[in-house]
Amino acid sequence: SMANTLAQLLPELEQRVPTQWRNQTVAIVENVEKSFDQAVEELPNKIEGIALWALNAILASSSARLMDLAFFLLYSAFLLFDPLHINLEDAPTDTSPGARSDLERPT
C-alpha cells in the first residue's frame with residue numbers, strides 16, 4: 001500500500017515543482033524509483049540470508065546441548081543397566097594386626 005501510494009504521488013511531484021527545478025526533480029524521482037525497485041528485488045535474498053543465518057546459529061547452539069544430553073542419557077543408561085560391580089568376596093578376610101593387605105606395597 002505504501003509502495004502504491006508512492007508510485008501515484010511521484011509523477012504528480014514532477015508536475016508540481018517549479019519549472020526551473022523540474023529536470024533535477026525528474027532525475028531524483030527516477031533515481032528513487034530505481035533504488036526502490038532494486039531494494040524490492042534484493043529483499044527476498046536478504047531475508048533468506050538472514051533466516052539461514054538465524055537457523056544456523058540456533059542449530060549450532062542447540063547441537064552442543066543435544067550432544068551433552070545424549071551423552072548424559074547414555075551414561076545414565078549404562079549405570080542403570082550395568083552398575084559398578086564391587087566384588088567383596090575376593091577381599092582379604094584376615095583382619096589381624098600382622099596381616100598384610102593386597103593393597104599395601106612391600107617396603
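**Figure 1. Burial and exposed surface across the predicted chain.** Buried residues account for 5% of the 107 residues in the chain, and the model shown here is a predicted one. The surface that the chain exposes amounts to about 10,100 Å², of which carbon and sulfur atoms supply 63%. In terms of secondary structure, the chain contains two helices and zero strands.

**Figure 2. Helix H1 and its bend at Leu-10.** Helix H1 covers residues 2-16, and its 15 residues should span 21 Å at 1.5 Å a residue, a value with which the 21 Å between its end C-alpha atoms agrees. At Leu-10 the helix bends by about 25 degrees, and a proline, Pro-11, follows within four residues. Pro-11, itself placed in H1, has a relative accessible area of 43% and is therefore classed as partly exposed.

**Figure 3. Helix H2 and its kink at Glu-42.** Helix H2 runs over residues 22-81, and for these 60 residues a rise of 1.5 Å a residue predicts a span of 88 Å; the end C-alpha atoms lie 86 Å apart, which agrees with that expectation. A kink of about 35 degrees is located at Glu-42, shortly before the proline Pro-44.

**Figure 4. The salt bridge between Lys-46 and Glu-42.** The structure holds one salt bridge, formed by Lys-46 with Glu-42, and the closest N and O atoms of this pair are 3.9 Å apart. Because the two residues, Lys-46 and Glu-42, are four residues apart in helix H2, about one helical turn separates them. An α-helix has 3.6 residues a turn, so residues three or four places apart point the same way. The partners fall into separate accessibility classes: Lys-46, at 51% relative accessibility, counts as exposed, whereas Glu-42, at 33%, counts as partly exposed. Glu-42 is also the residue at which the kink in H2 lies.

**Figure 5. Pro-11 of H1 and Val-26 of H2.** This view pairs Pro-11, in helix H1, with Val-26, which is found in helix H2. The two residues, Pro-11 and Val-26, are 15 residues apart in sequence, and their C-alpha atoms are 8.7 Å apart in space. Val-26 has a relative accessible area of 28% and is therefore partly exposed, and Pro-11, with a relative accessible area of 43%, is likewise partly exposed.

**Figure 6. The surroundings of Thr-25.** Thr-25 lies in helix H2 and, at 12% relative accessibility, counts as buried, since the cut-off for that class is a relative accessible area under 20%. When its neighbours within four places in sequence are left aside, Thr-25 is in contact with Leu-13, Glu-14 and Val-17.

**Figure 7. A nonpolar patch on the surface.** Five residues are shown here, namely Leu-6, Ile-28, Val-32, Phe-36 and Val-40, which form a nonpolar patch on the surface and have about 410 Å² of accessible area together. Helix H2 contributes the largest share of this patch, with four residues. One of the patch members, Phe-36, has its place in helix H2 and is partly exposed, its relative accessible area being 36%.

Terms used: Residues numbered from 1 in each chain as written. Predicted model: local features only at pLDDT ≥ 70, side-chain atom pairs only at ≥ 80, totals over all residues. Heavy atoms only, no water. Expected span 1.5 Å × (residues − 1). Bend = angle between axes of the 7 residues up to and from the residue. Patch = residues over 30% accessible without salt bridge, like charges linked within 9 Å, V, L, I, M, F, W, Y side chains within 5 Å. Areas by Shrake-Rupley, 256 points an atom, 1.4 Å probe, with all protein chains shown as cover. Salt bridge = Lys/Arg side-chain N within 4 Å of Asp/Glu carboxyl O. Buried < 20%, exposed > 50% of the residue type's maximum accessible area, 1.4 Å probe, protein only. Contact = heavy atoms within 4.5 Å.
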